[in-house]
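Time to open a fresh page of the notebook. I wanted to see how the pieces of this complex meet, so here is what I looked up, entry by entry.

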2 protein chains.
Amino acid sequence: MSQHRHPGAPGRAGAVPTLPDLPEATVARLPEYLRALHNLADAGHETVSSEGLSAAAGVNSAKLRKDLSHLGSYGTRGVGYDVALLIEQIEYVLGLTQRRAVALVGVGNLGHALAGYDGFASRGFRIAALLDADPSRVGEEINGLVVRHVDDLPTVAAEESLAIGVIATPAAAAQQVADQLVAVGVTSILNFAPCVLSVPEGVDVRKVDLAIELQILSFHEHRKASLTALPATGGTALTALPGGFAATDTQEAIGT
Amino acid sequence: MSQHRHPGAPGRAGAVPTLPDLPEATVARLPEYLRALHNLADAGHETVSSEGLSAAAGVNSAKLRKDLSHLGSYGTRGVGYDVALLIEQIEYVLGLTQRRAVALVGVGNLGHALAGYDGFASRGFRIAALLDADPSRVGEEINGLVVRHVDDLPTVAAEESLAIGVIATPAAAAQQVADQLVAVGVTSILNFAPCVLSVPEGVDVRKVDLAIELQILSFHEHRKASLTALPATGGTALTALPGGFAATDTQEAIGT
DNA sequence: CGCGATTTGTGCACGTCTTCACAAGCGCCT
DNA sequence: AGGCGCTTGTGAAGACGTGCACAAATCGCG
């Protein structure tokens, strides 16, 4: 159990790609670690302790160590983790060593924003095509890409190796678009439309619903409000401790 | 244990607001149930079984029943749930009976889209103000609202009862904006900037990072690809079962 | 070379979430 | 009224995720 490193990662010369099957919760945090690591690297740090990295990523340090231990044993006792090596490892595990092509369907309000969002490009993705069902939108140029009709999907898929699709259409159109994406071989879908998609087995769907996030916050607001009404204490029950900000002030590497 | 309904909900004539403290996982699903219920109501359904509702919301029916049981005992054995009543209950618990005012800071690419997103308005929220730090953006009118300078936050907070803030700025500005929001009394923040925020105790932060979602999908792509490479079976290992779409075809009420 | 300071990696216990399976309850039909 | 079929609500078990606390490992220094 001492040092089991996973093959296929550093010298990726066709080695056997034995991906450790990570817990979902860990996978969901890896991108956050990766972002924090890039910040640290930009700030000139060569190594970082689990304490420092966990603070920058906003998690518990024990959790971070356990997460990273699932990748293998990178990191030196008494020293910390090598920033560059860890970046390489996480990017490998996340499959970011190749720049994945993404098809974005639905160039409405949100689609426009996504098309212009440089966070995709800067983190390993390339928007390969913009598609829309509305003929009046076809031909429009956004950020250097021309909007094509969604029925051109097969053509697009033939040009590019499409694995990921993003749906930013109204809910009514989402299922049909999903079917079209699946038909051309897309096996991962990021869905911004507020509806449930049914897809064949083997296709992954992640959903982002902006209104849902607000509703969750609303619940906590409601709860907080109902708490202040109850207890015998005066009024300023939850206006935070007087002096201090709670979280980790180890955000050294955030600024730019 | 038979029928414990929670006071303060139906006849909300100042009754004691005893919010049951729901599990976080349940809270996160309630908005999804609510959306499905609205669809069912629009389609004319008066009642719905846990089976039907869970299918429309894309979850396990046992999970749905347990979730709803946390709210109290609405629903009739042998019949199902009264759609209208359940909507009322969930909206009450989520604190959506009042239309909450939201301040949106950062009117860039994403901020524009959010300002124009009608999903907020249709689900209980009202964008009360658009703010930006860039003077050249101040004064611009978006969707009937004029962009004001972020330093006007105190004024805005004085006009409106602000509890929720949305941050759609670049990462470098997010912490400062969060501080300003907290300073004027905001206790819930939805953060779209890719960074960790430190806030005082009692303030809730939820984060949405579009790139992270893609990276999680990328991991699963990577894993799927490495799986097809390994097993002795031919090639079409994961191209789904021949005939059938996996999920719940009980999406009757989705279309519109 | 040995020792102390430091930090990783992990066994273990705990809490939360999920899922099954079934008793209790309700309505309808005869 | 009684019985039957259907559906909710929930106990219990298992899976999963979290966090503590500490042994093992490494570095630097005298």
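**Entry: strand C**

I began at the bases: an N or O atom in the side chain of R65(B) is 3.4 Å from a base nitrogen of DNA strand C. I call such a pair a polar contact, meaning N or O atoms within 3.5 Å; within protein, one must be able to donate a hydrogen and the other to accept it, and residues adjacent in sequence count only if both atoms are side-chain atoms. A polar backbone atom of G78(B) also lies 3.4 Å from a base nitrogen of DNA strand C. For the backbone of the DNA, I noted R29(B), with a polar side-chain atom 2.8 Å from a phosphate oxygen of strand C.

Which elements give two or more residues to the surface near DNA strand C? I found helix 3 (61–71) of chain A, plus helix 1 (24–42) and helix 3 (61–71) of chain B. Helices here are DSSP runs of H or I with at least four residues, strands are runs of E with at least two, and both are numbered from the N terminus. Helix 3 of chain B gives the most, with 4 residues.

A note on ground rules before I go on. This is a predicted model, where local features need pLDDT of at least 70 and side-chain atom pairs count only at pLDDT 80 or more, while totals for chains, interfaces and linings use all residues; side-chain values use heavy atoms, with hydrogens and water left out. Residues are numbered from 1 along each chain as its sequence is written, and chains are lettered from A and ligands numbered from 1 in the order in which they are written.

I then counted 28 residues around DNA strand C, the closest being S50(A), R65(A), Y81(A), R29(B) and R77(B). Near means that a heavy atom of the residue lies within 4 Å. By class, this surface has 8 nonpolar, 11 polar and 9 charged residues. My classes: Ala, Val, Leu, Ile, Met, Phe, Trp, Tyr, Cys and Pro are nonpolar, Asp, Glu, Lys and Arg are charged, and the others, Gly among them, are polar. Of the strand C atoms within 4 Å of the protein, 65% belong to sugar or phosphate and the rest to bases.

**Entry: strand D**

I turned to the other strand and found 27 residues around DNA strand D, with K66(A), S50(B), R65(B), R77(B) and Y81(B) nearest. The side chain of K66(A) has an N or O atom 2.5 Å from a base oxygen of strand D. R65(B) turns up here too, with a polar side-chain atom 2.9 Å from a base nitrogen of DNA strand D. K63(A) takes the phosphate side, at 3.4 Å from a phosphate oxygen of strand D. Helix 3 of chain A gives the most to this surface, with 4 residues. The classes come to 8 nonpolar, 11 polar and 8 charged residues.

**Entry: chain A against chain B**

How many residues of each chain are in contact? I got 83 of chain A and 83 of chain B, with contact meaning heavy atoms within 4.5 Å. The buried area is about 7500 Å², of which carbon and sulfur atoms give 66%; this is the accessible area (1.4 Å probe) that two parts lose on being put together, summed over both. L214(A), Q215(A) and F219(A) supply 9% of what chain A buries against chain B, more than any other three residues.

I also counted 8 salt bridges between the two chains, taking a side-chain nitrogen of Lys or Arg within 4 Å of a carboxyl oxygen of Asp or Glu. One of them joins E32(A) to K207(B), closest N and O atoms 2.8 Å apart. Helix 9 (residues 210–229) of chain A supplies the largest share of its side of the interface, 16 residues. That side of chain A divides into 51 nonpolar, 17 polar and 15 charged residues.

**Entry: symmetry**

I superposed the copies by least squares on the C-alpha atoms of residues with pLDDT of at least 70 in both. A rotation of 180° with 0.0 Å of shift along its axis brings chain A onto chain B, RMSD 0.0 Å, which means the relation of a two-fold axis. A113(A) comes closest to that axis among the residues of chain A, at 3.0 Å (C-alpha). The same surface serves both copies, as 99% of the contact residues of chain A recur in chain B.

**Entry: inside chain A**

Last, I looked up a salt bridge between the side chains of D67(A) and R29(A), 2.6 Å from N to O. This pair links distant parts of the chain, helix 3 and helix 1 of chain A, 38 residues apart.
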